Amino acid sequence: FCLREFPYISPSTINVGLIKKISVASLLTDQYYRPFKGLSKPPYFIILTPEIHLGQKVAECIYYDKGENGKCQNKYPDSNFYKLFKIERPSTIDDALKIISYNDISNIINEELDKELNAQNREILPIIIIPKDSKANPYSPYYTIKAELLSRGFVSQFINIETINNPDTFRNSLLSLYTQLFVKAGGIPYLVSNSYILSNKGEYNIIIGYSLSRDPIRRKNAVGSIIVYNPTGQWLVNEFVFDELPFKDKNKLDDYKQNLEIALKRAYQTAIKEAVLQSVHKVNVIIHYRGKDLSSKEEQVILDTIESFSEINSSVYVLKIQQSDIILSVTSKYYPDTDGYPPTGYYERLLPDTFILQTVGKHIELRSQKGDRPRGNIKGGTARPILVSIKKFEENKNVELNNIALLSTVFGLARINYVSVYQSLNSEPVTTRYARELAYIISRLGHKAINNEIISKLLKGRMWFI
């Protein structure tokens, strides 16, 4: 596979077909760019900051173009958040946002913020400026504040103080910030084209990412998260299952299996309702799940559930994705690397249904040839490849989707990254990566939050977790 086979795509403002670009930055800054799904009106931003000047810097770069009224002289892109995503900008900055300072990060929901959250009759998206802390820390203020705001029905965005204080870092982070805000507000900025797995007439493909995460504090709890996409990376719906471990208890194993099956079927039915036309008579369901961190019992729960799920008028394929302990080395005139590092997209068949795939590594962008050797710029670093094992159920073994088409869904969806738009590839596809992040964050919220009807609807209807 090569990146040019999986370009980022968006509609055009002049209706001349889709715009196709290799990088997100070149797509979003194209003069004719238009998002796949826009916003009828923008959210009202409330910026929570320990220092007012930090909040002002963020606010001005969201609202103003580069240099407009003398603001944001050092920013990229030149356009403000509203112009970039084709949203009508509020007439004044005060109509667009408000800055509120806090003194104590452990008591960030202060009286002024509480009053503002209750007073607005429009959608609010809080932006919280906090010191840098690892998301691996389950006690991080990131989780505490996010959970508190979610419990009140608000999706939030976080920015590190260190990012804002470094001019170069802040400048380079604005495009990613804009994209995250747009996605969290309900927009779809771009998708990825994949010609290997185009839906045939009367058929439709959906891809389900599954991951399980244990609560890092309450170890007996686990969350299974399910996110449904189409092959271009369009997020359709997510579901989650919250249950107690351990799986050695047969009753708990049966309960988890039943709940997972219900959630899978619910996600499937919602996705079909959202995305499939009435003329479709066949649905191919491709399931990605990250297998390395699952016990054999957990893995069996998934496979048993999927086998029963396959009875729902669908062809089902299961792709188990895990990091490889095997390192690839490839050298030829087509891959001119003296160190033997394979290019991104390189794959080899190890077993009839098992492949090794280099998702991230040395990206070679070929230009014109010099003699019999291609010339190019080598971009990126090196990383371990992934293993992809493909399981086909008996009734699906002779159908149209071949292993290469199925493998292409892994590489293609490794191109989606709404958090860091400059990263053209990730080590694993968005299906399993976001499902794992969702499961981890949900596990930190607990039963009370996710069982709340209002919160549950919010959690399942937005990509709030990125």
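**Notes on a predicted model**

1. Start with glutamine 358. Glutamine 358 sits in the loop that runs between strand S14 (354-357) and strand S15 (363-370). The model is predicted. Glutamine 358 is buried, and its relative accessible area is 3%. Its side chain reaches the backbone oxygen of valine 360, at 2.7 Å.

2. Now look at what surrounds this loop residue. Not counting residues up to four places away in sequence, glutamine 358 touches Leu328, Pro342, Pro343, Thr344, Gly345, Tyr346, Ala383, Arg384, Pro385 and Phe411. Take proline 385 from that list. Glutamine 358 and proline 385 are 27 residues apart in sequence. In space, their C-alpha atoms are 4.4 Å apart.

3. Arginine 415 is another loop residue to check. Arginine 415 lies between helix H11 (403-413) and helix H12 (430-451). Is arginine 415 buried or exposed? Arginine 415 is buried, with a relative accessible area of 0%. Leaving aside neighbours within four places in sequence, its contacts include Leu3, Phe6, Pro7 and Tyr8. Lys21, Ile22 and Val192 are also among them. So are Ser424, Leu425 and Asn426.

4. Next, the cysteines. How many disulfides does the structure hold? The count is zero. Cysteine 61 and cysteine 72 deserve a look here. The closest cysteine sulfur to that of cysteine 61 belongs to cysteine 72, at 3.0 Å. That is too far for a bond, because a disulfide needs the two sulfur atoms within 2.5 Å. From the other side, the closest cysteine sulfur to cysteine 72 is in cysteine 61. Cysteine 61 is buried, at 3% relative accessible area. Cysteine 72 is buried too, at 11%.

5. Salt bridges come next. The structure has eight salt bridges. One of them joins lysine 71 and glutamate 60, with the closest N and O atoms 3.5 Å apart. This pair links distant parts of the chain, 11 residues apart. Lysine 71 is in the loop between helix H2 (52-63) and helix H3 (81-84), while glutamate 60 is in helix H2. Lysine 71 is partly exposed, with a relative accessible area of 27%. Glutamate 60 is also partly exposed, at 23% relative accessibility.

6. A salt bridge also joins the side chains of lysine 83 and aspartate 65, at 2.6 Å from N to O. Lysine 83 is in helix H3 and aspartate 65 is in the loop between H2 and H3, so the pair ties together parts 18 residues apart in sequence. The two partners sit in unlike surroundings. Lysine 83 is partly exposed, at 45% relative accessibility, whereas aspartate 65 is buried, at 14% relative accessible area.

7. Last, helix H6 and its end. Which residues of helix H6 (residues 141-151) are buried? They are Tyr142, Tyr143, Ile145, Lys146, Ala147, Leu149 and Leu150. Glutamate 148 forms a salt bridge with arginine 152, where the closest N and O atoms are 3.0 Å apart. Glutamate 148 is partly exposed, at 32% relative accessibility. Arginine 152 is partly exposed as well, with a relative accessible area of 35%. Asp114, Glu148 and Arg152 are linked in a network of salt bridges. Just after H6, glycine 153 takes a positive phi of about 90 degrees.

How values were computed: Residues are numbered from 1 along each chain as its sequence is written. This is a predicted model: local features need pLDDT of at least 70, side-chain atom pairs count only at pLDDT 80 or more; totals for chains, interfaces and linings use all residues. Side-chain values use heavy atoms; hydrogens and water are left out. Buried means under 20% relative accessible area, exposed over 50%, partly exposed in between (1.4 Å probe, protein chains only). Helices (H or I, at least four residues) and strands (E, at least two) are DSSP runs, numbered from the N terminus. Contact means heavy atoms within 4.5 Å. A salt bridge is a side-chain nitrogen of Lys or Arg within 4 Å of a carboxyl oxygen of Asp or Glu. A polar contact is a pair of N or O atoms within 3.5 Å; within protein, one must be able to donate a hydrogen and the other to accept it, and residues adjacent in sequence count only if both atoms are side-chain atoms.
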